[in-house]
Amino acid sequence: MQKSITALLALSLAGAAWLALAQGDLQVKDTAPDRYVVQRGDTLWSIATKFLKDQWRWPEIWRMNQEQIRNPHEISPGDVLVLDRSVSPPQLRLGEAGGGAGKAPEESESVKLLPRVYTSPLAAGAIPAIPPKAIEPFLTQPLLIEEGGLDRAPRIIATEEDRVNVGQGNVAYVSGFGKATDPVWQIYRTGQPLVDPESSLTLGYEAVFLGTARVTRQGEPATVQIVNSKKEISAGDRLLPAPPTVIPQYVPHAPEAKVSGRIIALYDALFTSSGGRDSIISINRGRRHGLEPGNVLAIYRNVVIYDQQDYLKSRDRSPAIQLPPERYGLVYIFRTFNSVSYALVMESSRPVQGGDIVQNP
């Protein structure tokens, strides 16, 4: 069968010291299948969910080496993954295409899967670690700006027919391009402040992505056409050159050092206080705290209850009882700044809220 998708695993570390930091033995689900046929739309995370209790530890079931492994095997829709339970911990192998009918998994001709470890953009059509559409828009956007960080960026000074707001297909006039010749620009405005839940300091401001514009006439002002719009665009909004879209793939791994932080907010969530799976969140820990793309953190919530008997007698006097934090989800770090990181919520059994705790899984 012609292979159309290549499973290229990538990580940002030169080695895999993180593997030794994994907590406890690798546990395979009781419901894990002996064989699995790869489907279109699969990700390495979603495949691991079928086999492992801690799906973020899927590099271990593939036996990823500490150094680069050359000549990776290819995994395509229709290929068969065989769970080898004869070794400890179990590992996945690539079985014969067609499933090796009539043979037990251990009798089928199979080879050990040796994914390549590298740090380059995901090849076209490759099976990604996580759904790329979930984070692609956030990889080329600034996301975080300092106070006044957009002040010198080109600015929309007027819109077509003096409309208050414009969108896809409309025309706007921009001042400040100068000698820049970039044909495509992204449009932003300064969003909500990112306030550290612990120190109450403002760590920066969200850069709210509004859409994309193409220059149709140079000059001062220049004319642009709105190619696409995510939100309404108006005079005063700022433009930055659109970088090429690159989706680096990082193997999920625990941080090398102990990390304990807080969720600042959901991205661009002015009208909602909670989110769930596939939400984008900001946290008050970044590169200076040892975080890097690919890190996985667990989400916890501090739970406070009141003594029910005392509470019924007097709500004002009932003492609060602090329970141990409850773990309810996992997040995947995909973008880091000095003191702030952005993460994709991969798993969540309850609404994700600002102020919740993030720690090593």
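## Exercises on a predicted model

Strands β2 (residues 80-84) and β3 pair in the antiparallel sense over four bridges. Here, strands are DSSP runs of E with at least two residues, helices are runs of H or I with at least four residues, both numbered from the N terminus, and two strands pair if DSSP finds at least two bridges between them. This is a predicted model, where local features need pLDDT of at least 70 and side-chain atom pairs count only at pLDDT 80 or more, while totals for chains, interfaces and linings use all residues. Residues are numbered from 1 along each chain as its sequence is written, and side-chain values use heavy atoms, with hydrogens and water left out.

**Exercise 1.** Find what joins β2 to β3, and say which residue stands opposite Gln-91.

*Solution.* Start with the link: a hairpin of six residues takes you from β2 to β3. Next, look across from Gln-91 in β3, and you'll land on Asp-84. Now check the faces of β3 (residues 91-94): Gln-91 and Arg-93 are on one side, Leu-92 and Leu-94 on the other, and all are buried. Buried means under 20% relative accessible area, exposed over 50%, and partly exposed in between (1.4 Å probe, protein chains only).

**Exercise 2.** Work out why strand β12 (residues 260-266) counts as largely enclosed, then find its partners.

*Solution.* Count first: five of the seven residues in β12 are buried, so the rest of the structure largely encloses this strand. Then take strand β19 (residues 357-359), which runs antiparallel to β12 and is joined to it by three bridges. Gly-261 has Val-358 as its bridge partner there. Finally, go to strand β14 (residues 280-283), also antiparallel to β12 over three bridges. Leu-266 is matched with Ile-281 in β14.

**Exercise 3.** List the buried residues of helix α1 (residues 44-51) and explain why they sit on the same side.

*Solution.* Your list should read Leu-44, Trp-45, Ile-47, Ala-48 and Phe-51. They cover an arc of only 160° around the axis, so they lie on the same side of α1; the arc is that of the directions from the helix axis to the C-beta atoms. As a handy rule, an α-helix has 3.6 residues a turn, so residues three or four places apart point the same way.

**Exercise 4.** Say how many aromatic pairs the whole structure has, and classify Phe-177 with Trp-185.

*Solution.* The search turns up three pairs. For Phe-177 and Trp-185, the ring centres are 4.5 Å apart and the planes are at 40°, so call the pair tilted. The rule: rings of Phe, Tyr and Trp (its six-membered ring) pair if their centres lie within 6.5 Å; planes under 30 degrees apart count as stacked, over 60 as edge-to-face and the rest as tilted. Both Phe-177 and Trp-185 are buried.
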